[in-house]
Amino acid sequence: SDHMENICGYLMKYTNLVTGWQYRFFVLNNDAGLLEYFVNEQSRHLKPRGTLQLAGAVISPSDEDSHTFTVNAASGEQYKLRATDAKERQHWVSRLQICTQHHTEAIGKNNPPLKSRSFSLASQGSINSPGLQRRPSQNAVSFFSVGHHRLPTGKRGPILQPDHLVDVREMMSQAEGQQRDLIRSIECLPVSGHLTSLDQDLLMLKATSMATMNCLNDCFHILQLQHASQQKGSLPAGTTISWLEPKISLSNHFKNGAAQNFPAEINKPASVREEQSIAEPCQLTREPEEINPDEELEDLCDDKEDDLGGVEEQRSVILHLLSQLKLGMDLTRVVLPTFILEKRSLLEMYADFMSHPDLFISITNGTTPEERMIRFVEYYLTSFHEGRKGAIAKKPYNPIIGETFHCSWRMPKSEVTTDGGSNFSAHSPSEHVTLSKGLEGQAELDYYTVKFVAEQVSHHPPVSGFYAECVERKMCVNAHVWTKSKFLGMSIGVTMVGEGLLSLLEHEEEYTFSLPCAYARSILTVPWVELGGKVNINCAKTGYSASINFHTKPFYGGKLHRVTGEVKQNATNTVVCRVQGEWNSVLEFAYSNGETKYVDLTKLSVTRKRVRPIEKQGPFESRRLWQHVTESLRDGDIDKATEHKRALEERQRNEERLRAETETPWCTKYFIKEGDGWVYHKPLWRAVSAMQTQQTDTN
């Protein structure tokens, strides 16, 4: 047919992080069912540089942009391609899908689902039985035809009517039963031999069959709503079309990839025995420790997370994990594989959001409430870029309960933005020095110090508290965050539940703010991060507020990492500043007076944090706690890193079990629960208030 014509042309092909994208000449051979590529059109008569069998392949437009798509072969090989525009992508995708369908059906006809093959897995017989042995000529596609049924050629089903929904439900129930049997049969296979439960083709089958059933359930739910609206004339009030919870019963994650028990104690590395032998945290001193900033040294660690090697090598593990998950599943209690981890704790990631202390300190230097709100918005939007270590989406360590992280920044006063007004609008310079001496015990220096402390205050749910202060400028920020992660199919969503409070004590102003959601996209290919959702910043005293939207990329068109926002005066509803751009690139601030300011985040200077050497850190400080995991990841020893990580997690479970048995409550170290939130035990506003009361009494 006209739709089966051979097409050819140039596409960009993603090779690796080093080489990146390269132009290659691609040829779709419909007769052979092959996608071939050459260096250029002139070398077309030579042997192809690469060839993919399209039978059984999955052709997927990417959600990164409107030009990219992937070709996932049944063999597990993948091409990530990019066309010049959306129209060309659609042309290639449609032709590839037609060719793929044609050759997949042809293989199905040549390899009919005979009874002996259809029940070869369910029989759970010996691996040496004929039904379970894969013949050398039997490729992945023919094996995928297990239990597959097709309508006779040339016959089309009638148009679905509302009264057919009962029949559809019955057919779906049968399909769900077959899918459950298939999953159960695969999981009953041995872990070694010719055909195992960890076979990459079978893991792909589990993942795709799961996704298919989830999608069918969602579609059936929509049909039910449409049927109801036809009967009633409109949808019921308050009805929303949302994802259905899959009705497929799944075994516990990692069932057939379960973690092996540790070897005997004598075979464990000394560091693992040390991790398991640390006493229960409440038996250690839980008294807050005052960290001397002079003991901290400039951090020289620079662990960029641009290495995809581990993800590519462990793709079968990811497929196995995905096959065990369902849409909307809470991932809080799911143990994720070690190779996708960043080399830092989540608590340290929160500290890295403070990597522009000059912008943070300059907030209080604004001469008007309007200017201070705009400066806070500028600081807020520039904080996320440095919080990400590289373009690849990896996950920081889950902090264990009682874990802490301390650091500080020193910022030369000459590098902090000030305006024409006095730097200390609420207090005279002499009064400021008096407060600084009283709170810090030292004379005024030529730099500002911003101190940071974070603590994991709860394990279930996972809640972190963090606090930062600059005593010299009498400003501090306190926040608590509950990270809720969910499986969304080919991406993972993380909701940051909680609230932050910035206090500018010189102006007696408080700013409340929230955090956006984060998404790890394309987790089977090149994972990347985007932010999404609406956040609000409010100052009740001044009446100024800001509304910021982090836009997720639409399926077709649109830009990545787009953000828009506006600052307004609530009393008059007047917009005083609008902002747009990308949160990891360039931001444009347009002010009500007609002026425009551009901030290029890629050129902003980053101030390195100061951290105590590991040998001076306490046993529950992040870097010391995770040091063996981090060292193993740097060395590329995933197995060793997994062993150390498992030891820490097992110790935490044992401690939690012991507390439950003895009914011993957990004791936090630096944060106190107040209402629904967590507050630092010695916030700067209390110290300043006490100092001012003391001065008043003296006078």
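This report walks through a predicted model, from the whole chain down to single residues.

## The chain as a whole

The protein chain has 16 helices and 26 strands. Of its 699 residues, 49% are buried. The exposed surface comes to about 33,900 Å². Carbon and sulfur atoms supply 51% of that surface. Contacts reach along the sequence: among those between residues at least 6 apart, 63% join residues at least 24 apart.

## A seven-stranded sheet

One sheet is open and has seven strands. Their order is β4-β3-β2-β1-β7-β6-β5, and the pairing is antiparallel. Strands β4 (50–53) and β5 (58–61) stand at the edges. Each has a single partner strand, so one side of each is left without a neighbour in the sheet. From one strand to the next, the twist averages 35 degrees.

Inside this sheet, look at β6 (residues 68–72) and β7 (residues 78–82). The two run antiparallel and are joined by five bridges. One residue pair can be picked out here: Phe69 has Leu81 in β7 as its bridge partner. In general, strands of a sheet pair through backbone hydrogen bonds.

## Salt bridges

Side chains of opposite charge can pair when their charged atoms come close. The count in this model comes to 22 salt bridges. Three of the pairs are set out below.

| Pair | N to O distance | Location |
|---|---|---|
| Glu506 and Arg473 | 2.6 Å | loop between β15 and β16; loop between β13 and β14 (475–487) |
| Glu566 and Arg578 | 2.9 Å | strand β20; strand β21 (residues 574–582) |
| Glu655 and Arg651 | 3.3 Å | both in helix α15 (residues 638–662) |

Take the loop pair first. The side chains of Glu506 and Arg473 meet in a salt bridge. Glu506 lies in the loop between β15 and β16 and Arg473 in the loop between β13 and β14, so the pair ties together parts that are 33 residues apart in sequence. Are these two residues buried or exposed? Glu506 is buried, with a relative accessible area of 3%. Arg473 is buried too, at 0% relative accessibility.

Now the strand pair. Glu566 and Arg578 also meet through their side chains. Glu566 sits in β20 and Arg578 in β21, so this salt bridge ties together parts that are twelve residues apart in sequence. Glu566 is partly exposed, at 27% relative accessibility. Arg578 is partly exposed as well, with a relative accessible area of 48%.

The helix pair stays within one element. Glu655 and Arg651 both lie in α15. They are four residues apart, about one turn of the helix. Both are buried.

Salt bridges also link up into a network. Its members are Asp299, Glu342, Arg344, Glu348, Asp352, Lys609 and Arg623.

## An enclosed helix

Helix α14 covers residues 627–634. How many of its eight residues are buried? Six are, so the helix is largely enclosed by the rest of the structure. The buried residues are Gln627, His628, Val629, Thr630, Ser632 and Leu633. Just after α14 comes Gly636, which takes a positive phi of about 75 degrees.

## Backbone details in the loops

Two residues have a positive phi although neither is a glycine. In Glu508 the angle is about 55 degrees. Glu508 lies in the loop between β15 (492–504) and β16 (509–513). The loop is the one that holds Glu506. Glu508 is exposed, with a relative accessible area of 64%, whereas Glu506 is buried at 3%.

His561 is the other case, with phi at about 60 degrees. Its place is in the loop between β19 (544–551) and β20 (562–569). Is His561 buried or exposed? His561 is buried, with a relative accessible area of 12%. Strand β20 also holds Glu566, from the strand pair above.

One peptide bond deserves a look as well. Which residues does the cis peptide bond join? His460 and Pro461 are joined by it, and omega is about 0 degrees. Pro461 lies in the loop between β12 (447–458) and β13 (463–470).

Note on methods
Residues numbered from 1 in each chain as written. Predicted model: local features only at pLDDT ≥ 70, side-chain atom pairs only at ≥ 80, totals over all residues. Heavy atoms only, no water. Buried < 20%, exposed > 50% of the residue type's maximum accessible area, 1.4 Å probe, protein only. Pairing = 2+ DSSP bridges. Axes fitted to C-alpha atoms, helices over the stretch in contact; angles between N-to-C directions. Salt bridge = Lys/Arg side-chain N within 4 Å of Asp/Glu carboxyl O. Contact = heavy atoms within 4.5 Å. Areas by Shrake-Rupley, 256 points an atom, 1.4 Å probe, with all protein chains shown as cover.
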